[in-house]
Amino acid sequence: GWVPLAAPARLAAIAAEIAAELEAAIATAPAAIRTLTAVDVDELASDGMPAGVVLARLLLARMPDYQANLVAMRFLDEAERETYVRHNVRTLRPLYPPGQLWRLLIRYLYEYQYLGFSAVTDARAFFVGSTWLDADFFATGALDEARFDRLTAAVARLCACYAVDESRFRRRDAATERAPRES
């Protein structure tokens, strides 16, 4: 209850936008990428839903983690936040076989949002340089930079649907804070 559920209609609209972008990316990827990812795309779409819809649902499934991060960030100092963010913004290549390129993209789109908690000034450059996204997606033609920017912006709008319920926190002021006890 500290980060209430976002408006379902708004979440659904943004998820549909993300799914459409993902479907377009899959459809317009070079033949070699489509061949490489065909088995996974078929597996994703096995329930009769387009792969982009299933991928968007995988992204939505990570939102409880994002909600927890919204609360946690209130308790971390800058060094702790930067450590947390930089630990999570890294290449995930070893975790996903090449045929799961689109699942890797979903994970990257989610983890890109960690940079909103960071002091990094150029989030895009930092992210691309830290993950090998440019080599895996831009250089291969699997994704162009404009589509990546549209996707990250849509995921940012999705994350912006969540906010901490301020009534869950008590304000501290000098009059109510007590000095630590001496041992």
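This section describes the fold of the chain, its salt bridges, the packing of helix H9 and the surroundings of two glutamine residues.

The structure is a predicted model. Its secondary structure comprises nine helices and zero strands, so that, in the order of the sequence, the pattern reads α-α-α-α-α-α-α-α-α. The C-alpha trace spans about 70 × 35 × 30 Å along its principal axes. Of the 183 residues in the chain, 40% are buried, and the chain exposes about 10,300 Å², of which 55% is supplied by carbon and sulfur atoms. Among contacts with a sequence separation of 6 or more, those between residues 24 or more positions apart account for 77%.

A search of the whole structure for salt bridges returns twelve. One of these is formed by the side chains of Glu17 and Arg157, with an N to O distance of 2.4 Å. Because Glu17 belongs to helix H1 (residues 8-28) and Arg157 to helix H9 (residues 145-160), this pair ties together parts of the chain that lie 140 residues apart in sequence. Glu17 is partly exposed, at 34% relative accessibility, and Arg157 is likewise partly exposed, with a relative accessible area of 31%.

Helix H9 also takes part in a salt bridge through Asp149, whose partner is Arg124, the closest N and O atoms being 2.6 Å apart. This pair, too, links distant parts of the chain, since Asp149 is found in helix H9 and Arg124 in helix H7 (residues 123-131), 25 residues away. Both side chains belong to partly exposed residues, the relative accessible area being 34% for Asp149 and 23% for Arg124. In addition, salt bridges link Glu21, Arg147 and Arg150 in a network.

A salt bridge within a single helix is provided by Arg107 and Glu111, whose side chains meet at 2.6 Å, N to O. The two residues are four places apart in helix H6 (residues 101-112) and are therefore separated by about one helical turn. In general, an α-helix has 3.6 residues a turn, so residues three or four places apart point the same way. Buried means under 20% relative accessible area, and the two partners fall below this cut-off with 17% for Arg107 and 2% for Glu111.

Helix H9 consists of 16 residues and reaches 22 Å from its first C-alpha to its last, which is close to the 22 Å expected at 1.5 Å a residue. At its start, a side-chain oxygen of Asp144 comes to within 3.2 Å of the backbone nitrogen of Ala146. The buried residues of the helix are Arg147, Phe148, Leu151, Thr152, Ala154, Val155, Leu158 and Cys159. Viewed down the axis of H9, these buried residues fall within an arc of 160°, and they therefore line one face of the helix. Their packing partners are H1, helix H3 (51-60), helix H4 (63-72), H6, H7 and helix H8 (133-138).

Several of the contacts of H9 involve Gln113, a residue of the loop between H6 and H7. Gln113 is buried, with a relative accessible area of 11%, and a polar atom of its side chain lies 3.5 Å from the backbone oxygen of Thr152. When neighbours within four places in sequence are left aside, Gln113 is in contact with Tyr66, Thr152, Val155, Ala156 and Cys159. Of these contacts, Tyr66 is among the buried residues of H4, whereas Thr152, Val155 and Cys159 are among those of H9.

In helix H4, the buried residues are Met63, Tyr66, Gln67, Asn69, Leu70 and Val71, and their cover includes H3, helix H5 (78-88), H6 and H9. The second glutamine considered here, Gln67, is placed in this helix and counts as buried at 16% relative accessibility. Its side chain reaches the backbone oxygen of Val3 at 2.8 Å. Beyond its neighbours within four places in sequence, Gln67 is in contact with Val3, Pro4, Leu5 and Tyr162.

Key: Residues are numbered from 1 along each chain as its sequence is written. This is a predicted model: local features need pLDDT of at least 70, side-chain atom pairs count only at pLDDT 80 or more; totals for chains, interfaces and linings use all residues. Side-chain values use heavy atoms; hydrogens and water are left out. A salt bridge is a side-chain nitrogen of Lys or Arg within 4 Å of a carboxyl oxygen of Asp or Glu. Buried means under 20% relative accessible area, exposed over 50%, partly exposed in between (1.4 Å probe, protein chains only). The expected span of a helix is 1.5 Å times one less than its number of residues. The arc is that of the directions from the helix axis to the C-beta atoms. Contact means heavy atoms within 4.5 Å. A polar contact is a pair of N or O atoms within 3.5 Å; within protein, one must be able to donate a hydrogen and the other to accept it, and residues adjacent in sequence count only if both atoms are side-chain atoms. Accessible areas come from the Shrake-Rupley method with a 1.4 Å probe; for residues, only the protein chains shown count as cover.
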